[in-house]
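Colleague: I'd like to know what sits behind the labels people put on a model like this one. Can we go through them one by one?

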Amino acid sequence: MADEAHVHALLEATDSIEDVRSRVNSISMRQLPSGAVEFQITTLELLPLTVELSVEGYFTIVSGGSPGGASGETFDSLHGLLLNVSTGYAQGFLGSLASALSRVAEQRSSEDEPTSDAVGGDCPQ
């Protein structure tokens, strides 16, 4: 059962790296003998962080951090942790979110516009 928890932690760590990679300066990981995974992260502000993902699935700041996230603070996701400690990460995420929402709004707007067939086409009487 411990091996299954170790594999799950490693898979979650890999997924987490892919989720945040584009909004940090650097990130690497290694699995600890306990099965937990340790991340070495450098934020866009060049703040070094050491974060541990427990086999239970919690991300804890081991060293580094800022007033927004002190050592020992625990988060449900690496994304949530970085939102709290990195202004650059938060700005990048919010920018990409705003861009995606804008694209959806434009798409919906173009779908709602009447077409020439609907306005001047043959209408049953």
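What follows is a talk about the labels and the values behind them.

Modeller: Ground rules up front: this is a predicted model, where local features need pLDDT of at least 70 and side-chain atom pairs count only at pLDDT 80 or more, while totals for chains, interfaces and linings use all residues. Residues are numbered from 1 along each chain as its sequence is written, and side-chain values use heavy atoms, leaving out hydrogens and water.

Colleague: Fine. How many helices and strands are there in the protein, and what makes a run count as one?

Modeller: Four helices and five strands. The elements are DSSP runs numbered from the N terminus: H or I over at least four residues gives a helix, E over at least two gives a strand. From the N terminus on, the order is α-β-β-β-β-β-α-α-α. Take β5, residues 74-75: a strand needs at least two residues, so a run like that passes.

Colleague: How do you know which strands pair in the sheet?

Modeller: Two strands pair if DSSP finds at least two bridges between them. β1 and β2 have six bridges, and β2 and β3 also have six. β4 (residues 59-63) and β5 are joined by two, so that pair meets the cut-off of at least two. The sheet is open, in the order β1-β2-β3-β4-β5, with antiparallel pairing.

Colleague: What makes β1 and β5 edge strands?

Modeller: Each of them pairs on one side only. For landmarks across the pairings, S28 is opposite Q40 in β2, V37 is opposite L53 in β3, and T60 is opposite T74 in β5.

Colleague: Which residues have a positive phi in the hairpins?

Modeller: The β1-β2 hairpin has five residues between its strands, and G35 in the turn has a positive phi of about 100°. The β2-β3 hairpin also has five residues between the strands, and there L46 takes a positive phi near 65°.

Colleague: Why single out L46 for its phi?

Modeller: Most residues other than glycine have a negative phi. L46 is not a glycine, yet its phi is positive.

Colleague: Is L46 buried or exposed?

Modeller: Buried means under 20% relative accessible area, exposed over 50%, and partly exposed in between, using a 1.4 Å probe and protein chains only. L46 sits in the loop between β2 and β3, and its relative accessibility is 58%, so it counts as exposed.

Colleague: And why is V37 called buried?

Modeller: V37, in strand β2, has 0% relative accessibility, so it falls under the cut-off and counts as buried. V37 touches, among others, A9, L10, A13, M29, V51 and L53, leaving out residues up to four places away in sequence; contact means heavy atoms within 4.5 Å.

Colleague: What about S16 in helix α1?

Modeller: S16 comes out at 10% relative accessibility, so it counts as buried too. Beyond its neighbours within four places in sequence, S16 is in contact with F59 and L78. The C-alpha atoms of S16 and H79 are 7.5 Å apart, although 63 residues separate them along the chain.

Colleague: What makes the 20-residue set a nonpolar core?

Modeller: A nonpolar core is a set of buried Ala, Val, Leu, Ile, Met, Phe, Trp, Tyr and Cys residues joined through side-chain atoms within 4.5 Å. The largest one here has 20 residues, with I27, F39, I41, V51, L78, L81 and L82 making the most contacts inside it. α1 (2-20), β2, β3, β4 and α2 each supply at least two residues of this core. As for L82, its contacts beyond four places in sequence are V20, V24, I41, T43, L49 and Y89.

Colleague: How does helix α2 lie relative to the sheet?

Modeller: Helix α2 (residues 78-85) packs on the sheet and touches β1, β2, β3, β4 and β5, with its direction at about 150° to that of β3. Axes are lines fitted to C-alpha atoms, for helices over the stretch in contact, and angles run from 0 to 180 degrees between N-to-C directions.

Colleague: Last one: how do you know the span of α3 is close to the expected value?

Modeller: The expected span is 1.5 Å times one less than the number of residues. For α3 (residues 87-112), with 26 residues, 38 Å is expected, and the helix reaches 37 Å from its first C-alpha to its last. Within α3, G88, Y89 and A90 are buried.
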